[in-house]
Amino acid sequence: MTKAIRMSAAGGPEVMEYVDVEVGEPGPGEARVRQAACGLNYIDVYFRTGAYPQPLPAGLGMEGAGTVEAVGPGVTHVKPGDRVAYAGRPPGAYAQARVMPAAVLVKLPDEIDFETAAAMMLQGLTVQYLFRRTFPLKGGETILFHAAAGGVGLIACQWAKALGVTMIGTVGSDEKAELARAHGCTHTINYNKENFVERVKEITAGRGVPVVYDSIGKDTFTGSLDCLAPLGMMVSFGAASGPVPPFSLNELASRGSLFITRPSLFNYIAKREDLDAMAADLFSMVVSGKVKIDINQRYALQDAAQAHRDLEARKTTGSTILIP
């Protein structure tokens, strides 16, 4: 038996229970991983509340790092004793050990420890696909990135700087603005004090930006469209403030023939060759020191409910991990 977080109903943080579970042996295509750390991400809240439905009872958590204990038939890319990390479905990372699909596991370089790996896989791979594939940045662009002091945001600040990109980042406080700038964000906008659309137009001399990366959703959606230059790309990759309401496609035409996409990491890593290439790019950025992973909050696994409360209250910055 081992400990894990389970939920029998969707709802608030109180639905998460710290319970004994039987892990068992891996079946075909599976691996059993003894976890050293698990990552906390906003997508976990979506699964907990039922915004992303899943069969119940269920686990939570989309990323972790640890050591392979056993593999099932057909698994050849990892073996017992390998140090691995992952970001992927199905949920269940909030556990001391788990049997899971081996297809999402990648081997860790010796230079990256378990806690760093658990804090960076989902958020780091997200920045990788946003910057390298969804709207490939070549350097020299000016971009708008919402929630610049969050886990994804602080990685984006550093990655943008490494690429020679001017990043405008929105934040919710002066302290978060300072944190984002310290990580390479060129301009910060405190949306509780300033109108971010007006500030973006001011910074860009009225031109707007070619791309907006928006994980906030409902509260920022229309303003984000207003920040785009003609033919610009709206990348709506999250909904921390709630889902974007229905809108007319004419909203895109009237603002200059805009493009819009709603990407998900799990589509980008669905092919093994893509996952390997993306992970290699992320690992290279971290090992080189161009991107440092800030673990600003650590919670014991049994305190996962409090971690969710703090995340939803926007009390966290950078990355957060749970220690089994």
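Select F145 to begin: this residue is buried, with a relative accessible area of 1%. Buried here means under 20% relative accessible area, exposed means over 50%, and partly exposed is in between (1.4 Å probe, protein chains only). Before moving on, note that this is a predicted model, where local features need pLDDT of at least 70, side-chain atom pairs count only at pLDDT 80 or more, and totals for chains, interfaces and linings use all residues. Residues are numbered from 1 along each chain as its sequence is written, and side-chain values use heavy atoms, with hydrogens and water left out.

**Aromatic pairs**

Which aromatic residues sit together in the cluster that includes Y46? Select Y42, Y46, F47 and Y52, which form one aromatic cluster. Rings of Phe, Tyr and Trp (its six-membered ring) pair if their centres lie within 6.5 Å; planes under 30 degrees apart count as stacked, over 60 as edge-to-face and the rest as tilted. By this rule there are 9 aromatic pairs. One of them joins Y46 and Y52: the ring centres are 5.0 Å apart and the planes are at 50°, so this pair is tilted. Y46 is buried at 12% relative accessibility, while Y52 is partly exposed at 28%.

Now return to F145 and add Y213: the two form a tilted aromatic pair, 5.6 Å centre to centre with 35° between the planes. This pair links distant parts of the chain, since F145 is in strand β9 and Y213 is in strand β12 (residues 209-214), 68 residues apart. Helices (H or I, at least four residues) and strands (E, at least two) are DSSP runs, numbered from the N terminus. Y213 is buried too, with a relative accessible area of 0%.

**A charge over a ring**

Next, show R83 and F114. The charged end of R83 sits over the ring of F114, 4.8 Å from its centre. The rule asks for NZ of Lys or CZ of Arg within 6 Å of the ring centre and within 35 degrees of the ring normal.

**Backbone stops**

Where are the cis peptide bonds at P57 and P90? Select L56 and P57, whose peptide bond is cis with omega near 0°; P57 is in the loop between α1 (42-49) and β4 (58-59). Then go to R89 and P90, joined by a cis peptide bond with omega about 0°. P90 is in the loop between β6 (83-87) and β7 (97-101).

For phi, colour A147 and L231. A147 is not a glycine, yet its phi is positive, about 60°. You will find A147 in the loop between β9 (142-145) and α3 (151-163), partly exposed at 28% relative accessible area. L231 also is not a glycine and has a positive phi, of about 70°. L231 is in strand β13 and counts as exposed at 58% relative accessibility.

**The two sides of α4**

Which residues of helix α4 (residues 174-182) are buried? Select K176, A177 and A180. These buried residues cover an arc of only 105° around the axis, which puts them on the same side of α4; the arc is that of the directions from the helix axis to the C-beta atoms. Rotate to the other side of α4 and you meet E175, E178 and A182, which are exposed.

**Last stop**

Finish at F247, in the loop between β13 (228-236) and α7 (250-254). F247 is partly exposed, at 34% relative accessibility.
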